[in-house]
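Here is a short briefing to read with the model open beside you. It starts with one residue and then widens out to the fold, the helices and a few loop positions.

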Amino acid sequence: MPINSRQSVAAKGKPLMSNAGFILLWNDVKTGREKNAGELFNATLAFYEKKVKEGVVDSYEPAILSRHGGVMNGFILVRGEHDKLATLRESNDFREMEVKAIHCLSGFGVVEAHLGKNVAEHMKRWASAIPR
């Protein structure tokens, strides 16, 4: 089965100024579920391609990591506006993909990400908590 490969995708003419995001991450494909995992990967990329065109997501970028003995071997970084991404994560389509991923991928998770200017704001809060 062919697997889709995409570079970072952004809506036409829209600069990548995202301040929020999330990472879909996984470790390995569960034995015997390789076909399902490949189909889900392609469907997930098509889903985010559609969400970019609809203006729900600013961009997405899949990554497969080289084997390193760690617990994360791939991820998809999804960028956008916090409120739009929060709504997306509560949608039935997202939840269905999430359940399918849990069934065919070990170590699957979704983690919120601070991006853009939110990184500086987050680090400022962090630095202020350091005892002097």
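Does Asp93 count as buried, partly exposed or exposed, and at what relative accessibility? Asp93 counts as partly exposed because its relative accessibility is 44%, where buried means under 20% relative accessible area, exposed means over 50% and partly exposed lies in between (1.4 Å probe, protein chains only). Please keep in mind that this is a predicted model, in which local features need pLDDT of at least 70 and side-chain atom pairs count only at pLDDT 80 or more, while totals for chains, interfaces and linings use all residues. Residues are numbered from 1 along each chain as its sequence is written, and side-chain values use heavy atoms, with hydrogens and water left out.

**Overall fold**

- The protein contains four helices and seven strands, taken as DSSP runs numbered from the N terminus (helices: H or I, at least four residues; strands: E, at least two).
- Along the sequence, these elements follow the order β-β-β-α-β-β-α-α-β-β-α.
- Buried residues account for 36% of the 132 residues.
- If you take the contacts (heavy atoms within 4.5 Å) between residues at least 6 apart in sequence, 74% of them join residues at least 24 apart.

**The H1 and H3 pair**

- Two packed helices are described by the angle between their axes and the distance between the axes.
- Helix H1 (residues 34–54) packs on helix H3 (residues 92–104) at an angle of about 155°, and their axes are 10 Å apart.
- Those axes are lines fitted to C-alpha atoms, for helices over the stretch in contact, and angles run from 0 to 180 degrees between N-to-C directions.
- H1 and H3 are therefore roughly antiparallel to each other, a label for angles over 145 degrees (under 35 is roughly parallel, 65 to 115 roughly perpendicular, and the rest oblique).
- The crossing of H1 and H3 is left-handed, meaning that the near helix is turned anticlockwise from the far one by less than a right angle; clockwise would be right-handed.
- On the H1 side, the contact is made by Asn36, Ala37, Leu40, Thr44, Phe47 and Tyr48, which meet Asp93, Phe94, Met97, Lys100, Ala101 and Cys104 of H3.
- The residues of this contact divide into eight nonpolar, two polar and two charged, with Ala, Val, Leu, Ile, Met, Phe, Trp, Tyr, Cys and Pro counted as nonpolar, Asp, Glu, Lys and Arg as charged, and the others, Gly among them, as polar.
- Asp93, our opening residue, sits in H3, and its C-alpha atom is 8.8 Å from that of Phe47, 46 residues away along the chain.

**Helix H4**

- Helix H4 (residues 117–128) has 12 residues and spans 17 Å from its first C-alpha to its last, close to the expected 16 Å, which is 1.5 Å times one less than the number of residues.
- H4 is hardly covered, with zero buried residues among its 12.

**Residues to look at**

- Gly32 lies in the loop between strand S3 (28–29) and H1, and counts as exposed at 61% relative accessibility.
- The C-alpha atoms of Gly32 and Cys104 are 8.6 Å apart, with their positions 72 residues apart along the chain counted as separation.
- Arg33 belongs to the loop between S3 and H1, and is partly exposed at 36%.
- Beyond its neighbours within four places in sequence, Arg33 is in contact with His103 and Cys104.
- Ser59, in strand S4 (residues 59–64), is buried, with a relative accessible area of 1%.
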